[in-house]
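Reader: I am new to this structure and would love a close look at one place where helices meet. Could you walk me through it?

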Amino acid sequence: MPLHRRSLLAGALTLGAAQAFPGLSRAQARKLVFATFTGSWEEAHRAVLVPAFRKNSGGDVILDPMLSVDQIAKVQAARANPPIDVMLHDPGPALTAIAQDLVEPYPVAQSAHYGDLIADAQEPMGPAPFFQIVGLTYNPEKVKTPPTSWADLWKPEYRGRVGITNLNSTLGTGFLVEIARMHGGSETDVEPGFKALEALKPNLAAVAANPGALAALYQQEQVDIGPGNFNAIQILKARGVPVEFAAPKEGIIAFKTTIHIVKNTPSKELAFRLIEAALSPEVQAKLMQSPYLIVPTNRKVAMEGEVAKVLARDADELKRKSVFQDWAAINRGRPAWIERFNREIRV
Amino acid sequence: MSAGPATAAGPVAAPLRPGRTWTAAYDIRLALPLGAFFLVFFLAPLALLVLVSFYADPAMTRFGLDQYARFLLDPFSLRVLGATLWLGVEVTALTLLLGLPLALLLTWAPGRLRGLLTLIVLLPLLTSVVVRTFAWIVILGRQGIVNAALLGLGLTDAPLKLLYTEGGLVLALAQVQLPLMVLPLVTALSRIDPNLADASAALGAGAWRTFLRVTLPLCLPGIVAGCLLTFAAAITAFITQSLIGGGQMLFMPMYLYQQASSLNNWPFAAAIAIVFLVAVLACVALLNLAGRLSGGRARA
């Protein structure tokens with residue numbers, strides 16, 4: 001049979017397409033996709049969690065770091081064939097993901113570590129492999145006396161020195177609820193919080209678009225004090241930026257960060273293995289070390305180092321010192337708060 | 001948004017010679033792959049966006065014009081739209097002011113220097129917008145180069161607030177978008193016959209008069225194209241707007257993102273996108289028209 005140019009071309013194109021889209025021929029062999037958070041979380045997970053997962057499953061994983069809300073948007077857009085297998089969520093988005101039926105219940109009965117988690121971390125729709133802690137962050141070269149209360153942010157000496165984020169982030173929303181509470185409000189009544197923000201305006205140097213941008217402002221000395229995530233500043237500290245964390249006496253804000261198997265994932269078993277690795281005492285103990293300092297949730301991990309020094313010596317003390325906010329109530333009010341923040345907080 | 005700048009090339013392109021039809025000059029079927037690409041990856045998603053914007057509630061259960069009413073009857077939303085378009089105007093004006101002398105210099109420069117200048121103009125395009133924007137954070141910050149210089153010269157006692165201000169944002173955007181202005185200008189300027197300037201001088205016109213009456217009108221298509229590109233890029237520059245403008249300066253891209261991602265209100269986000277699209281197309285059409293009208297007068 002003589003070879004025609006056209007049939008040759010068609011053959012070449014088919015081969016080329018198979019090369020360009022290997023997924024066509026082996027859809028089942030795709031790597032597990034874990035949407036972690038950007039910044040220090042990604043670094044920590046790449047260095048500690050990924051190797052542990054490879055060892056316990058023999059599988060491979062791709063880290064695709066993005067914000068919780070973006071994870072939800074992506075999975076929502078392709079429910080039947082989700083581009084992500086394992087999601088990581090702050091408490092607000094976690095409730096949204098569960099309400100929208102985007103996640104599988106965690107196979108608790110098969111889990112070796114679920115029962116070892118402290119009670120607050122045991123969530124049947126997706127357990128918490130770590131806590132995030134929000135308190136006060138400050139530049140020790142500019143703020144000589146370490147702050148002790150949220151109220152310190154309103155001191156006249158910090159005029160034009162305070163940095164916050166808007167309510168798009170868990171950090172910004174949690175902070176608003178906390179200052180509302182300080183003035184007699186709650187998750188369902190943030191009116192006092194908005195009044196307090198209004199009074200904070202002369203001190204505000206920046207309202208950052210997200211916590212990552214806020215942390216970078218310490219490096220530029222654009223801001224010297226403000227609410228901040230304990231973990232977000234560790235990466236800066238490790239690089240020599242003068243920034244410290246202080247626990248306000250009203251209590252540190254603790255967020256459960258939960259990890260979920262995405263509904264309709266083709267790699268359910270591997271997703272389970274990754275989460276098991278994240279819950280295991282070995283991984284959590286390593287993640288607690290410097291420079292990651294991620295707060296563990298497995299009771300078998302004894303708190304050590306900076307985490308023990310700055311936050312709490314054990315799970316009980318952490319629970320005593322922390323405020324866990326009611327995110328179901330916050331989620332209900334949040335759209336209106338974001339709207340109001342847009343309109344009222346102009347610096 | 002990509003449709004806007006593409007139409008800008010219209011007035012620049014040479015008109016077809018009369019008597020020759022499109023199909024004779026170019027086989028229209030050559031455009032089929034691009035047409036199919038556009039249909040699948042641009043028109044279909046756009047149609048979906050329009051459809052979503054007509055849902056009345058965030059859960060997308062019934063249709064209605066609620067989202068458009070919510071946007072168009074709300075002074076706050078209209079202010080955000082106005083501020084975004086105004087930002088585009090400011091950035092475009094500043095970019096034109098900075099870009100025109102640069103483009104003239106580039107056109108007049110001798111061979112080797114011209115290559116070097118072109119490289120300098122193109123260089124920013126080869127770096128990521130994120131990197132360029134972070135550089136501006138370093139420049140505009142309290143400990144940044146500008147403030148350090150001002151303090152060092154004794155021009156100010158305390159560092160000025162430059163970051164997270166509209167002025168800082170306009171400046172950063174103008175630098176980031178400068179190549180988009182300079183390149184069309186250079187193309188238009190280099191196409192002007194140098195004899196025309198000589199003729200103008202021979203007829204007694206000074207340098208300024210020649211520039212205003214000959215060079216400027218002739219490079220108008222380049223100015224219009226550059227302005228369209230800069231305007232479209234400046235108002236949609238999500239990264240630069242949020243990093244230099246901060247979280248309290250709300251422009252349309254951030255407003256849209258907030259509704260879609262943080263609030264999961266897809267219909268309202270879609271309506272914002274459509275309103276924004278229509279407003280931008282209107283601005284582009286207006287600019288195009290202005291360019292054509294003044295171009296006509298210059299020729300007359």
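**Where two helices of chain A meet**

Author: Happily! Let us begin with the residues that touch: Pro91(A), Gly92(A), Leu95(A) and Thr96(A) in α4(A) meet Trp327(A), Ala328(A) and Asn331(A) in α13(A). By class, this contact of α4(A) with α13(A) has four nonpolar residues, three polar ones and no charged residues. Please keep in mind that this is a predicted model.

Now for the geometry. Helix α4 of chain A covers residues 91-99, helix α13 of chain A covers residues 327-344, and the two pack with their axes 9 Å apart at an angle of about 85 degrees. Angles of 65 to 115 degrees count as roughly perpendicular, and α4(A) and α13(A) are therefore roughly perpendicular to each other.

For a companion view, look at a contact between chains. Helix α3 of chain A (residues 68-77) and helix α14 of chain B (residues 252-262) cross at roughly 70 degrees, and their axes come within 9 Å. By that angle, α3(A) and α14(B) are therefore also roughly perpendicular to each other. Here Val69(A), Asp70(A) and Ala73(A) of α3(A) meet Tyr257(B), Ser261(B) and Ser262(B) of α14(B). The residues of this contact divide into three nonpolar, two polar and one charged.

So, back to your helices: in the contact of α4(A) with α13(A), no charged residues take part, whereas the contact of α3(A) with α14(B) has one.

How values were computed
Residues numbered from 1 in each chain as written. Chains lettered and ligands numbered in written order. Predicted model: local features only at pLDDT ≥ 70, side-chain atom pairs only at ≥ 80, totals over all residues. Heavy atoms only, no water. Axes fitted to C-alpha atoms, helices over the stretch in contact; angles between N-to-C directions. Helix = DSSP H or I, 4+ residues; strand = E, 2+ residues; numbered from the N terminus. Parallel < 35°, antiparallel > 145°, perpendicular 65-115°, else oblique. Contact = heavy atoms within 4.5 Å. Nonpolar A, V, L, I, M, F, W, Y, C, P; charged D, E, K, R; others polar.
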